[in-house]
Amino acid sequence: MIAYTLKRIAIAIPTLLVLIVISFLLMHAAPGGPFTSERELPPQVLANLNAKYGLDDPLWKQIGTYVWNIVTGFDFGPSFVYKDRTVNEIIGAGFPITLTYGLLSFVVAVTVGVSLGVAAAVRHNSALDYAAVGLSIGAQVLPNFVMAPILVLVFTLWLGWLPGGGWQGPETWIMPVIALSTSFMASIARITRSSMLEVLGSNHIRAARAKGLPEHRVILRHALKPAMLPVISYLGPAFVGMITGSVVIDIYFSTGGIGKAFVDSALNRDYAVMMGVTILMGALTITFNLVVDILYGWIDPKIRY
Amino acid sequence: MVATAEQTAEQAAPAAGRSLWADARRRFFRNRAALLGFVILVFVTAFALFGGALAQWSGEELDYAVMGQVAELGGPSLATGHYFGTDDLGRDLYARTVQGTQISLAVGVIGALIACVVGTLYGATAGYFGGRTDSVMMRLVDIFMAVPYMFILILLLVMYGRSITILFIGVGLISWMEMARIVRGQTLSLKGREFVEAARATGVSAPVIIARHIVPNLLGVIAVYATLLVPLMILTESFISFLGLGVQEPMTSLGALISEGAGTIAYGTTWQLGFPLLFFCLTLFGFFFVGDGLRDALDPKDR
């Protein structure tokens, strides 16, 4: 178990380094420097700017410095567009917001999805089961950028129940969380349902029932754990999807999270901020996948490396 | 009597000999959801290809009669010739939806093709050679899969200009990993078969064996996952276009149209969101249903 965990960590660290180096090389190879604009800069000014940001160093030194600053000080350097702001400040302003509704959405998607899936499997072929299946088929075509305008249309413009955006308190959290979690909730419900159905048909469940255990104990103690394996392996992709989806949420609901900084920097060609966000999101994803892998190895005793 | 006649027909049919593909086709068309998906796809494709012929306006000219009063005058109507209404600038939404559907379908199909070719070659190579090559190649796939590609793709689009070619290729290049895994698994089980052994014994080289003996036997699996990849490609493209970073004006895609419509719902022009959304959902439903149907038809052991 410990060897397995260490092995996973040993894979995660080079992955992160590769991600940093690749995004740095992409930025370096891009046509036009960060200071290319409509107004041609005098060569001396350009040289001074390049010297200030360390862009006249040899490539290996630039990469080395960049990686070193991130690893040792979590420092992504200065923004290329806003002269008085660092990438850390820009990201730091939005990150708590993204984290809040991201975690909420994740918890909602997992708890509602798993409960719905288990309920549908236990009441197989009932109205509840059909409703759950119908919902999960429908939600496949309702990604966050479709859910967001529909929610605003219904709850803000027609019913007037909820504010259409902003980040001022729990009632502004509701729509972002629903928009972000719906499609993942549906997927989790579908995966839970089919794996639960399979587990409920297996021999150890029949044995548990035969020895006279009450049904809720059979389901919670004997069926749930093995049925969770496919769900856990879906959590990684779901996490990536939610992180990506947060960009839409920030743009559409003006929540002020990190996605707004990302799209703004994409439109401004502020490479430093874009890279900072990409690397941060990549690091989060890799860490999360690491946790999921370890969790998987812990739940499933058959996994041996 | 009728039942007996049917039974005789059922029994006689295998004697006539059905190919694998004919068998799959029969199963596919018996599946109601798949059939519905197929009909939807035919309709959406026809709309994308020939819908332009019915348009009374081009997607680029402005209708000065409704300009400035889009919310009052720009709604869907047969009288003005704007079947789906106009967009915020007074352009015909019907013509723009036709164009958006074309672009979205094209991105979906081309992206899925790229993902298929790369994923199949990669997976078949890893699976066929096995051993250390395989474990290195698949470890790389594991690493690639842990990266949030949407950000990298947007990074690429911004740095190298927001051209539609990069969008097409990029969407495909970020999605081949799942395909590579599936193909590798299938190749592992195929390469021990006698016909591969026979080919190897007669001295056929590895690339030829992969291209002539392994890949043709995987076509069923590839077809299924290709169909399921198309809607994912469309989702990716629409996501990027929704953020305003994908397809650029005057060209449009369903994602860009949904984005425009979503931005103007506060002014009471709900049709600007509704029609693109309808075609978006129809297209996705169609591909998902057909993909699931194909999986059931081509992979009977999985039912």
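**Exercise 1.** Which helices of chain A each supply at least two residues of the nonpolar patch?

*Solution.* The structure is a predicted model, in which local features need pLDDT of at least 70, side-chain atom pairs count only at pLDDT 80 or more, and totals for chains, interfaces and linings use all residues. Residues are numbered from 1 along each chain as its sequence is written, chains are lettered from A in the order in which they are written, and side-chain values use heavy atoms, with hydrogens and water left out.

Helix 1 (2–29) and helix 11 (271–299) of chain A each supply at least two residues of the patch, helices being DSSP runs of H or I of at least four residues, numbered from the N terminus. Helix 1 of chain A gives the largest share, five residues. The patch, whose members include A:M1, A:L17, A:V71 and A:W298, has about 920 Å² of accessible area together.

**Exercise 2.** Describe the interface of chain B and chain A by its residues, buried area and polar pairs.

*Solution.* First, the contact (heavy atoms within 4.5 Å) takes 34 residues from chain B and 46 residues from chain A.

Next, the two chains bury about 3,600 Å² between them, 83% of it on carbon and sulfur atoms, where buried area is the accessible area (1.4 Å probe) lost on being put together, summed over both parts. In chain B, B:F151, B:L155 and B:M159 lose the most area to chain A, together 20% of what that side buries.

Finally, one residue pair is in polar contact, with both residues at pLDDT 80 or more; such a contact is a pair of N or O atoms within 3.5 Å, one able to donate a hydrogen and the other to accept it, and residues adjacent in sequence count only if both atoms are side-chain atoms.

Key
Patch = residues over 30% accessible without salt bridge, like charges linked within 9 Å, V, L, I, M, F, W, Y side chains within 5 Å. Areas by Shrake-Rupley, 256 points an atom, 1.4 Å probe, with all protein chains shown as cover. Salt bridge = Lys/Arg side-chain N within 4 Å of Asp/Glu carboxyl O.
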